[in-house]
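Here are some worked exercises to help you find your way around a new structure. Try each task yourself before you read the solution.

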Amino acid sequence: MAPTSVVVKMENPNNFSLVQFSGEISEKGSKIKSTKQLTGLLILRLQRLASSVFNSIIILKQRAFFKRREHTRKRWKILNFLKIVLILAFLTLLFEIYAHWKQWNLGHMIRPQEVTTIAHAVYLQWLSIRADYIAPALVYLSRFCIVLFLIQSIDRFVQCVGCFWIKCKGLKPVLPKKASSYYPMVLVQIPMCNEKEVYEQSISAACNLDWPKDRLLIQVLDDSNIKSVQILIRNEVNRWKQRGVNIIYRHRFLRTGYKAGNLSSAMTCDYVRDYEFVALFDADFQPNPDFLKQTVPHFKDNPQLGLVQARWTFVNKDENLLTRLQNINLAFHFEVEQQVNGIFLNFFGFNGTAGVWRIKALEDSGGWLERTTVEDMDIAVRAHLRGWKFIFLNDVKVSCEVPESYQAYKKQQHRWHSGPMQLFRLCLPSIITSKISAWKKMNLIFLFFLLRKLILPFYSFTLFCIILPLTMFIPEAELPIWVICYVPVFMSLLNILPSPKSFPFVIPYLMFENTMSVTKFNAMVSGLFQLGSSYEWVVTKKTGRSSDTNLLETGKKALEKSISESDIELGGEVDEKEEKINKKRNRIYRNELALACLLLTAAARSLLSAQGVHFYFLLFQGLSFLVVGLDLIGEQVV
């Protein structure tokens, strides 16, 4: 008699189904000939019962999830607002041109007998309504945004002064005595999801870390849903395991919670309790061999230290204009923001990778939670509320990539700006009721969240993309030159100081930051009010560039030889989508194109009033939006 077997097929990780049952045991009309058959039948029924219960739980969970998604499907349609403003601006421009041609706008008093047409009367009525009602409201809004702009500029200037003070005084974290002989148990985690381009270099860099082998374990946390990629990553792990590296491949069947769910699941393994620290590296990060020796010793004799964060460097920062502009932003973020907050406050937002956590601090803070798309910032805030301290090491650098296409960068920025607003909604009660000092509460609420995460995208979009072009049609609410020229250029120069080689890009950087404000503003509103795609996580596309090209090419060749046809058959069929070769193409971004039309329309209107600086700013800003809207910046993607 053939043995009873049950085959479980998983097309979707959330849907289990019994697709095959073979054997001679039948549920009806068969005779139980032995105790083994009875036991097998009971086990089978228990399996089916457990499977039914499990499927019911999954279905209920999915229904609850989709119900929540339907509740939050009311999307923040910024494009509709821009279309309305653009249409009104264009019609107003045509009317203003006609009035200019008829010389109705010469500014002298118009007598009733001089009004000869209905259009002339409508234009005079428009001037009266504009001056009495529209202009005052726009002036109040612009003044409010200018105040926010100045507050944020002062905050950034103070941070730059703090960075200058650190440089002058040589302030930086100091290793404790006898740290060179400190070798605690360290767990290295590499979360990844369909990272076909970069998995090899990240695993290779982690396996080459200079640390005692018996005190180091590497977890490759693979959330890939493409079977061919799973096989590649598993084979790479086996190749290093055969070399004597203590490395484990781990794949989840239920891939919920994105990266946070992946990390949380990995921390539940029994062997994790034997380790004191965990180092995190995203799939495109390549730490130097001495990374652990430069970071872990800081924990010695410092029981309140929960996190040591290293700085990022970028192997593709000079690839195109988009990567150069990103390098300016991120260099300022690490050199100024992270370093100043680390030295003076012992707190900053965890960057999600290239850092070492004390496992006790993670557990004390509640572990990884799946409630937002910024699980790194979430755990950092909760650890800060629990009294843990952070250290930022500006001298320890880890190589990685920045997105080379605008599509990938746009999705990344949407997640980075919607997530903090989700987190702010969730953490505000905890911050208010926490036992930390009033100053730390003020810093978290007003500086960390409101000023740098909410106010910055709000005034950038409102002031420079909406109010400024509208003032061309409402001259009574004209913005001063120092608001649109002097202060922004000065702040851009401050941003470029950490990367002085980028000085020639100061004007493109200023224009591009204003262009990105529409994405950041949209993301901020979506996260704050839980609209649209604020809970979506899209893995940032990588190219697989490496700081060591020869090593990468050698590894690829060895990997190709190690994969056989039998491996592919065991793992499953190669995803058909991966086999297709598509041409790269440009995308169209409607929000950016709508703003380009609005700004260029306002630039045309400014010619009627001979406003020089305003015209040039609107012209170049409109062209910047046009370039981005047509996807002419960065690399195109499939």
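**Exercise 1. Work out how helices α2 and α12 are oriented towards each other, and describe their contact.**

*Solution.* Please keep in mind that this is a predicted model.

Step 1: Find the two helices. Helix α2 covers residues 78–101, and helix α12 covers residues 438–473.

Step 2: Take the angle. The axes of α2 and α12 cross at roughly 20° and come within 10 Å.

Step 3: Compare with the cut-off. Angles under 35 degrees count as roughly parallel, so α2 and α12 are roughly parallel to each other.

Step 4: Add the handedness. α2 and α12 form a left-handed crossing.

Step 5: List the residues that make the contact. From α2 come I78, F81, L82, V85, A89, T92, L93 and E96, while α12 brings F461, I466, L470 and F473.

Step 6: Sort them by class. The contact of α2 with α12 has 10 nonpolar, 1 polar and 1 charged residues.

**Exercise 2. Do the same for α10 and α12: which way do they run relative to each other?**

*Solution.* Step 1: Helix α10 spans residues 375–385. Its axis lies 11 Å from that of α12, and the two helices pack at an angle of about 160°.

Step 2: Angles over 145 degrees count as roughly antiparallel, and α10 and α12 are therefore roughly antiparallel to each other.

Step 3: The crossing of these two helices, α10 and α12, is right-handed.

Step 4: On the α10 side, the contact is made by M377, V381, H384 and L385. On the α12 side, you will find K440, L444, F448, F449 and K453.

Step 5: Sorted by class, this contact of α10 with α12 has 6 nonpolar, 1 polar and 2 charged residues.

**Exercise 3. Decide how α14 and α18 are oriented, and name the residues that meet.**

*Solution.* Step 1: Look for helix α14 at residues 506–528 and helix α18 at residues 590–608. Their axes come within 10 Å and cross at roughly 125°.

Step 2: An angle of 65 to 115 degrees would count as roughly perpendicular, and one over 145 as roughly antiparallel. The value for α14 and α18 fits neither class, so these helices are oblique to each other.

Step 3: α14 passes α18 in a right-handed crossing.

Step 4: V518, T519 and N522 of α14 meet N591, E592 and L595 of α18. By class, the contact of α14 with α18 has 2 nonpolar, 3 polar and 1 charged residues.

**Exercise 4. Locate M472 and M192, and decide for each whether it is buried or exposed.**

*Solution.* Step 1: Start with M472, which sits in helix α12. M472 has a relative accessible area of 0%. Buried means under 20%, so M472 is buried.

Step 2: Look along the chain from M472. H614 is 142 residues apart from M472 in sequence, yet their C-alpha atoms are 8.5 Å apart in space.

Step 3: Move to M192, found in strand β3, residues 186–192. M192 counts as buried because its relative accessibility is 3%.

Step 4: Check what surrounds M192. Leaving out residues up to four places away in sequence, M192 touches a list of residues including Y199, V220, L221, I233, N262 and A283. Y258 lies 66 residues from M192 along the chain, with 9.8 Å between the two C-alpha atoms.

**Exercise 5. Compare K178 and D631: where is each one, and is it buried or exposed?**

*Solution.* Step 1: Check the backbone. Phi is near 55° for K178, a positive value in a residue other than glycine. D631 also has a positive phi, near 60°, and is likewise a residue other than glycine.

Step 2: Place them. K178 lies in the loop between α3 (118–169) and β3, whereas D631 is in the segment after α19 (612–629).

Step 3: Use the accessible area. K178 is exposed because its relative accessible area is 68%, and D631 counts as buried because its relative accessibility is 2%.

**Exercise 6. Step back and describe the whole protein: how many helices and strands are there, and what part of it is buried?**

*Solution.* Step 1: The secondary structure comes to 19 helices and 9 strands.

Step 2: Of the 638 residues in the protein, 50% are buried.

Step 3: The protein exposes about 32,100 Å², with carbon and sulfur atoms supplying 59% of that area.

Step 4: Among contacts with a separation of 6 or more, 80% are between residues 24 or more positions apart.

Key. Residues are numbered from 1 along each chain as its sequence is written. This is a predicted model: local features need pLDDT of at least 70, side-chain atom pairs count only at pLDDT 80 or more; totals for chains, interfaces and linings use all residues. Side-chain values use heavy atoms; hydrogens and water are left out. Axes are lines fitted to C-alpha atoms, for helices over the stretch in contact, and angles run from 0 to 180 degrees between N-to-C directions. Helices (H or I, at least four residues) and strands (E, at least two) are DSSP runs, numbered from the N terminus. A crossing is left-handed if the near helix is turned anticlockwise from the far one by less than a right angle, and right-handed if clockwise. Contact means heavy atoms within 4.5 Å. Ala, Val, Leu, Ile, Met, Phe, Trp, Tyr, Cys and Pro count as nonpolar, Asp, Glu, Lys and Arg as charged, and the others, Gly among them, as polar. Buried means under 20% relative accessible area, exposed over 50%, partly exposed in between (1.4 Å probe, protein chains only). Accessible areas come from the Shrake-Rupley method with a 1.4 Å probe; for residues, only the protein chains shown count as cover.
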